[in-house]
Amino acid sequence: MNLLMDFFETVRRRRSIRHFTDAPVRDEDLMAMIEAARLAPSPRNEQPWHFIVIRDQQAISNLRDIVNALLDAQIKGADSKARKKALKNKRFGATNVFDAPVVVVVLTKPFPNPDPAKQPIFNQGLQGVSAAITHFHLAATALGYGGCWVVLPLELAQFEIEAVLRVRKPWFAVALLSVGVPAKAAGKTKRKPIEEIVTFE
Ligand SMILES: Cc1cc2nc3c(=O)[nH]c(=O)nc-3n(C[C@H](O)[C@H](O)[C@H](O)COP(=O)(O)O)c2cc1C
């Protein structure tokens with residue numbers, strides 16, 4: 001799709017898409033998404049991000065297997081029915097990202113803060129990489145694609161996923177993002193009313 005959406009239309013349309021058609025993602029569109037991420041703001045312009053773009057279906061499927069295996073192990077070891085159920089309910093949230101033709105693994109690294117005491121409060125590196133992911137996600141939407149920004153698979157299998165992708169310290173995986181052509185529109189979503197989220201002084 002070459003006709004770019006108006007910015008606010010893009011922002012309104014951006015939703016978490018978790019079902020995809022088999023249509024491929026064009027390389028030039030992927031490059032446009034990466035370019036949008038590249039232009040994001042970051043603390044001291046450190047640009048604390050790296051994107052591993054996975055298009056190989058076998059590689060995506062391997063990541064899904066890793067997450068499923070670790071979730072299965074947790075379910076097996078759970079000490080109560082309620083815990084088992086809660087873990088089973090995580091399955092879709094933890095694996096939908098692997099249903100897309102493209103999975104982007106987003107890496108970041110600790111932000112070198114001169115005052116370490118402030119690091120946990122402001123987490124500037126995380127703020128920067130989040131801006132880049134947002135740019136990427138919105139660019140995908142503007143180009144007619146959809147996807148879901150997820151963390152759950154990393155909560156379950158961060159070290160295993162990093163090992164498979166040969167991620168080297170100080171880099172670490174912070175999020176995954178799927179990209180594909182939406183198979184169906186996202187369901188309803190809710191947002192807090194404006195009055196609740198803003199204070200004008
Ligand atoms: C940091 C972050 C982590 C998320 N993790 C997951 C996840 O692990 N699995 C999932 O299916 N969705 C995940 N989401 C998507 C949210 O559930 C979604 O953005 C939210 O419900 C609002 O819906 P919308 O994106 O369609 O507007 C995550 C979103 C963000 C920003």
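Which residue has a polar side-chain atom that lies 2.6 Å from an oxygen atom of the ligand? The residue is Ser 16, and the legends below begin with its surroundings. This is a predicted model, in which local features need pLDDT of at least 70 and side-chain atom pairs count only at pLDDT 80 or more, while totals for chains, interfaces and linings use all residues. Residues are numbered from 1 along each chain as its sequence is written, and side-chain values use heavy atoms, with hydrogens and water left out.

**View 1. Residues around the ligand.** Of the 13 residues around the ligand, Arg 15, Ser 16, Arg 18, Leu 152 and Arg 191 come nearest (a residue is near if one of its heavy atoms lies within 4 Å).

**View 2. Polar contacts of the ligand.** Besides the contact of Ser 16, a polar backbone atom of Trp 149 is 3.0 Å from a nitrogen atom of the ligand, and a polar backbone atom of Val 151 is 3.2 Å from an oxygen atom of the ligand (a polar contact is a pair of N or O atoms within 3.5 Å).

**View 3. The largest pocket.** Ala 36, His 135, Leu 138, Ala 139 and Ala 142 lie nearest the centre of the largest pocket, among the 10 residues that line it (on a 1 Å grid over the protein atoms alone, a pocket is an open set of points where a 1.4 Å probe fits, with protein on both sides within 12 Å along at least five of seven lines, and lining residues have an atom within 4 Å of a point). Helix H7 gives the most to this lining, with 4 residues (helices are DSSP runs of H or I, at least four residues, numbered from the N terminus).

Key: Helices (H or I, at least four residues) and strands (E, at least two) are DSSP runs, numbered from the N terminus. A polar contact is a pair of N or O atoms within 3.5 Å; within protein, one must be able to donate a hydrogen and the other to accept it, and residues adjacent in sequence count only if both atoms are side-chain atoms.
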